[in-house]
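These are my notebook entries on a structure that I went through piece by piece. I wrote down what I looked up and the reasoning that went with each entry.

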Amino acid sequence: MSRCWKASFVALCASLAQAGALRPSLALSTEDPRVARIAELALTLTLPPLDGLSPAGANRWRGQLGASQVEIALRTLPSETYDFAEPESVLDHGPSAWSKPEWQRNDPGTRRALAGPFGYASYAVYERTELQRRDDGTRVGLRFLLGGLLKEVGYWITLEASPPPTSAGEAQLVEFLTHGIVYDGEVREHRWSEDEAYTRWLRDAPAEAREDYKVIRTAHYLVLTNSDGGKAFAKKMEECHAAILAVYPFDDVPGRRLLPVFLFRTADQYFDFYARIAEIPREDAERSKGHAWRDYYATWYEAPGDPVHVHEATHQIFANRLGLGGGGSWFQEGVAEYMSSKSGERSAAAGQVKRGQHVALAQFLAIPSLLMSSDKEAPGGDQAGDHYKQAAVLIEFLRESKWAGDKFPAFLTRIGRLPSGKLGPLEEALAELYGVDLAGLEQRWAEYCKKR
Ligand SMILES: [Zn+2]
């Protein structure tokens, strides 16, 4: 049984108002009005070919693209304050949630990543959002938001066109995002330097585990270990990564910092690590076989094939690659348990749904932590385990059923960004996605389980 602790979702930062605009950049080059050099950021922007292109404030430009007015703005936030580790975390704090009262909900689409000279991190991520009017749903504009990471600051570039441009016009905006942003400063070692890796090990590993330190790098992971099984384990983690990418796709661009994995030789070393880093009682730490938190995954070497690894690797990727750390415990555990269980292992849970013996959705979606949902007074049974399986069957239904399957990408993006623990917005989002209320969704789910 996979058990983990999932860090609670941190809602979109409310302090956008603190976002400091930069000092005005050097004026547009006299040679080419489209080229803006922002020397203090080592960034050169080659703006889209807009009619009447002109500065509209500090690092802000305006112009016409056919019938569309286009506004481009660049802002920065200090990385230290906001704990930026990747361009994704910059976007998480970016204005993707900005909306005007007269606009409808304008949820950004799937997050895309671009490899290239975008900053200290040599890739950027962006989202595309269609802006619609609340009263009649008219499309009023198109917005791109791109996030990049420099050494000291994260930056985002917003690009808003109103009314929405033609597809040829949109292609020019995308061309700017793709090739018009060039950074020429220092680039980080995304595979971690020897120093960085060892410093992290010394900082976090318990004293009794620090001997026999080894580091193993794979395409996506940095395995810090004192176990002899590091290589076999690293290979297994890559298999987990490929499996997760196939089910929950994202742009797997180079340049992302390798995901750290702590692999201890013994369970005791792992429990000590966990108790100390999370400041929890050791007996609580002993309830887990591994856990993903912040950027890392930690476990001990026992069985590389244990499903706990793909379960936790899924949490790590949802938080650090997909930017989908919200939705609630049912969502987080559901997507992870769906990866770590076979169809047959979910049959008992599906049977309960079929017979109406499961925890009703309205109650289930509100459970703050499936792991802690066990009723310790109840004799026998494994309530938390049952809840994990129920969550996995729900994800299976939403992904594999004919009725819901084509909406699965939108489901992930929309629900994974909702703050955990609020049933209202969740119900609203599910109703918009599937066109039925919770009772209707539950009925479809039961029908799916009957034929499963
Ligand atoms: Zn979990």
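Before the first entry I note the convention for angles between axes: under 35 degrees counts as roughly parallel, over 145 as roughly antiparallel, 65 to 115 as roughly perpendicular, and the rest as oblique. I also note that the model is predicted.

**Entry on helices α9 and α13**

I looked up how helix α9 (residues 329-340) lies against helix α13 (residues 408-415), and I found that their axes come within 11 Å and cross at roughly 135 degrees. That angle falls into none of the named ranges, and α9 and α13 are therefore oblique to each other. I added that α9 passes α13 in a left-handed crossing. On the side of α9 the contact is made by W330, F331 and V335, and on the side of α13 by F411, L412 and I415. When I sorted the residues of this contact by kind, I had six nonpolar, no polar and no charged.

**Entry on helices α10 and α15**

Next I turned to helix α10 (residues 347-354) and helix α15 (residues 438-451), which pack at an angle of about 125 degrees with their axes 8 Å apart. By the same convention, this angle makes α10 oblique to α15. The crossing in which α10 passes α15 is left-handed. I listed A350, V353 and K354 as the contact residues of α10, and W445, A446, C449 and K450 as those of α15. Here the residues of the contact divide into five nonpolar, no polar and two charged.

**Entry on helix α8**

I then checked the length of helix α8 (residues 307-320): at 1.5 Å a residue its 14 residues should span 20 Å, and because its end C-alpha atoms are 20 Å apart, the two values agree. How many of the residues of α8 are buried? I counted 12 of its 14 residues as buried, so I wrote that the helix is mostly covered. Among the buried residues are H309, H311, E312, H315 and I317.

**Entry on two buried residues**

I looked for H241 and found it in helix α5 (residues 230-247). Its relative accessible area is 1%, and since buried means under 20%, H241 is buried. Leaving out residues up to four places away in sequence, H241 touches H220, Y221, F250, D252 and I317.

L258 sits in the loop between α5 and β13 (259-264), and with a relative accessible area of 2% this residue is buried as well. With sequence neighbours up to four places away again left out, L258 touches H190, R191, W192, R217, T218, A219, H220, Y221 and L222. For L222 I also noted the distance: its C-alpha atom is separated by 5.5 Å from that of L258, although the two residues are 36 residues apart along the chain.

**Entry on the backbone in loops**

Which two residues are joined by a cis peptide bond? They are S162 and P163, with omega at about -5 degrees, and P163 is found in the loop between β9 (153-162) and α3 (167-179).

I also wrote down two residues with a positive phi that are not glycine. D212 has a phi near 60 degrees and lies in the loop between α4 (194-204) and β11 (214-217); its relative accessibility is 45%, so D212 counts as partly exposed. E279 has a phi of about 50 degrees and is placed in the loop between α6 (267-278) and α7 (282-285). With a relative accessible area of 72%, E279 is exposed.

Technical notes:
Residues numbered from 1 in each chain as written. Predicted model: local features only at pLDDT ≥ 70, side-chain atom pairs only at ≥ 80, totals over all residues. Heavy atoms only, no water. Helix = DSSP H or I, 4+ residues; strand = E, 2+ residues; numbered from the N terminus. Buried < 20%, exposed > 50% of the residue type's maximum accessible area, 1.4 Å probe, protein only. Contact = heavy atoms within 4.5 Å. Axes fitted to C-alpha atoms, helices over the stretch in contact; angles between N-to-C directions. Left-handed = near helix turned anticlockwise from the far one by under 90°. Nonpolar A, V, L, I, M, F, W, Y, C, P; charged D, E, K, R; others polar. Expected span 1.5 Å × (residues − 1).
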